[in-house]
Each structure stands twice: as C-alpha cells, then as structure tokens.
Amino acid sequence: MTAIDAHADAGEAAILSVRNLAKSFGGLKAINDVSFDARAHEVTALIGPNGAGKTTVFNLVTNIMARDAGRVTFSGRDLVNLSPVKIAGLGLVRTFQSARVFPGMTALENVMVGAHRLARHSLAGQALWLRGARDEEQRLRRRAEEMLELVRLSPFASTHATELPMGAQKLLEVVRALMAQPKLLCLDEPAAGLNDTETEELANLLRAIRKLGIPVVIVEHNMSLVMNVADRIVVLDSGAIIATGTPSEVQNNSRVIEAYLGKEGQGDAAS
C-alpha cells in the first residue's frame with residue numbers, strides 16, 4: 001500500500017478531519033498548518049507544553065474562534081460557517097478547561113441538562129406537564145442517575161453543583177456531555193483539579209466511552225492518563241505539530257522529549 005493509499009484509508013476512517021488549520025493573533029502565529037484526524041472508536045490526545053495551542057485548536061474546530069485558514073470536516077460535513085450550537089447539534093460535543101456547572105441546580109439536574117438537544121417534546125408540552133413530557137423526563141432522570149453512578153457521584157445527586165469540589169465538577173461536566181449522546185466527545189483538560197482516585201475514575205470512564213464506540217479527542221497535561229488511555233497522540237509545540245503516533249512512539253521521540261516531556265520534567269524539579 002502506498003503512502004497516499006494509507007492516508008486515504010485513514011481519512012475514510014476519520015470522524016473528524018482537520019487540514020492546514022491556521023490562526024494568528026496580530027503578528028503571532030498561534031496555530032500553523034495543523035492537520036490531524038480523529039478516528040472512530042479511538043481516543044486521540046493533543047499534548048504539548050503550555051502555550052502550544054491545544055485549546056486554540058479546540059476553539060477553531062468548534063468555531064468558537066474564527067480560523068484564518070484550514071478546513072474542518074465532521075462525519076464528512078464541512079463545518080465552515082456553522083455556529084458552535086449547530087456543531088454541537090451535529091454531535092460534536094466539547095467541554096472546557098474550567099468546569100462549567102449551572103449554578104442553582106443540583107448535580108443531577110446539571111447532568112440532565114446535557115440531554116436538551118435530544119428532547120422530543122416542546123417547551124409548551126413540558127410547561128403543561130403532558131404525559132409524554134413526564135415520561136421523557138423520567139427516562140432522562142434514570143439515565144442521569146446512571147451517569148452519576150459511573151463516576152461515583154450518586155451520593156451528591158441532590159447537592160448543588162457549585163458546592164462540589166472542583167474535581168467532582170469536572171467529572172460532572174464529562175458525564176453531562178455524555179448525556180448528549182455525542183458522536184465525538186472533545187474534552188479540554190478533564191483531569192485538571194482531579195486527585196489520583198478521581199483521575200483513575202476518569203481513565204476508567206474514558207475506556208468505557210471508547211468501548212461504547214464513542215471517539216474522544218482529549219487535550220491533557222496529565223501524561224500518565226494520556227499514555228494509559230490514548231490510541232494516538234498529536235504533539236504540538238509553538239502552534240505546530242512536531243510528532244504524531246502511538247503512545248510508545250511519542251514517548252521515544254526525541255523532539256517530544258525535548259519540547260514537552262523535558263520541559264515538564266524541569267518544571268516538576270523546580271516546583
């Protein structure tokens with residue numbers, strides 16, 4: 001098989017295809033000719049040192065930020081000119097670096113909100129508490145309870161989400177995104193603020209999501225988590241891709257060691 005054939009096969013298997021993505025802020029090139037695929041049934045990780053452009057890539061892919069150049073397709077559809085809300089409606093669901101829970105709502109209610117794009121009944125039907133709307137809410141409640149159980153947050157179902165520790169709020173955001181039944185789940189630093197136990201629960205959750213057939217793209221600094229759950233890794237440095245491959249390939253890449261792993265080690269030693 002030629003390199004061109006191999007690339008075509010990879011493209012056909014890709015649920016998300018990013019080509020030649022570019023973004024500048026003033027005279028600074030934040031993202032420079034970034035191309036990668038996220039394949040079905042895989043966890044794809046974007047890693048790199050602080051300021052490498054990982055979150056910016058997420059923002060460009062989901063049109064939260066306008067790109068200067070490049071093409072992004074999701075399930076074969078070009079995302080150009082689509083709003084972030086419409087992109088989420090297609091099934092490309094993302095989380096953010098900082099946990100975003102809805103104040104004034106319990107943990108259970110926060111998770112249930114994740115299913116809003118799938119609701120079949122109108123606001124009028126919900127307001128009038130029609131039978132169909134009641135049945136739908138009961139189904140969503142049961143599913144949300146199962147989601148909370150997945151991350152061992154069931155005891156806090158009735159707790160206001162803002163009262164939960166930051167780590168619990170991050171896990172809550174992940175399962176809320178799952179409630180939307182995504183076709184692709186994009187997680188921006190989901191392990192930030194998690195302790196070792198919560199990180200292991202997150203790793204188990206990511207493995208379970210992959211087994212369900214839901215592909216994941218994850219931006220993450222926790223290298224242990226990445227190496228344990230990722231199928232493929234894309235490494236960014238200064239807005240450009242310096243390496244791609246399996247965890248073992250990336251771990252042994254000299255440019256990665258110098259640009260990312262080495263810097264992380266120096267930072268850890270200094271702290």
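Here are some worked exercises on a predicted model.

**Exercise 1: the span of helix 7**

Work out how the span of helix 7 compares with the expected value at 1.5 Å a residue.

*Solution.* Start with the residues: helix 7 covers 166–179, which makes 14 residues. Next, take the end-to-end reach, which is 20 Å from the first C-alpha to the last. The expected value is also given as 20 Å, and the helix comes out close to that. Just past the helix, have a look at Q181: its phi is positive, near 50°.

**Exercise 2: a salt bridge inside helix 7**

Find out whether E173 and R176 are buried or exposed, and how their side chains meet.

*Solution.* First, place the pair: E173 and R176 both sit in helix 7, 3 residues apart, or about one turn of the helix. An α-helix has 3.6 residues a turn, so residues three or four places apart point the same way. Now check the contact: the two side chains form a salt bridge with an N to O distance of 3.9 Å, against a cut-off of 4 Å. Then do the accessibility, where buried means under 20%. E173 has 4% relative accessibility, so it counts as buried. R176 has 11%, so it counts as buried too. That goes with the helix as a whole, where 13 of the 14 residues are buried.

**Exercise 3: salt bridges elsewhere**

Classify the partners in the D78–R71 and E200–R207 salt bridges by exposure.

*Solution.* A search of the whole structure turns up 9 salt bridges, and these are two of them. Partly exposed runs between 20% and 50%. For the pair D78 and R71, the N to O distance is 3.1 Å. D78 is at 27% relative accessibility, so it is partly exposed; R71 is at 47%, so it is partly exposed as well. For E200 and R207, N to O is 3.8 Å. E200 has a relative accessible area of 43%, which makes it partly exposed, and R207, at 25%, lands in that class too.

**Exercise 4: reading the sheet**

Set out the strand order of the sheet, then say which helix packs on it.

*Solution.* Begin with the order: 6 strands make an open, mixed sheet running 6-7-8-3-9-10. The edges are strand 6 (92–94) and strand 10 (240–245), each pairing on one side only. On average, neighbouring strands are turned by 15° against each other, direction ignored. Zoom in on strand 7 (184–188) and strand 8 (216–219): they run parallel, joined by 4 bridges, and C186 has V217 in strand 8 as its bridge partner. Finally, helix 8 (196–211) packs on the sheet, touching strands 3, 7 and 8, with its direction at about 155° to that of strand 8.

Key
Residues are numbered from 1 along each chain as its sequence is written. This is a predicted model: local features need pLDDT of at least 70, side-chain atom pairs count only at pLDDT 80 or more; totals for chains, interfaces and linings use all residues. Side-chain values use heavy atoms; hydrogens and water are left out. Helices (H or I, at least four residues) and strands (E, at least two) are DSSP runs, numbered from the N terminus. The expected span of a helix is 1.5 Å times one less than its number of residues. Buried means under 20% relative accessible area, exposed over 50%, partly exposed in between (1.4 Å probe, protein chains only). Two strands pair if DSSP finds at least two bridges between them. Axes are lines fitted to C-alpha atoms, for helices over the stretch in contact, and angles run from 0 to 180 degrees between N-to-C directions. Contact means heavy atoms within 4.5 Å.
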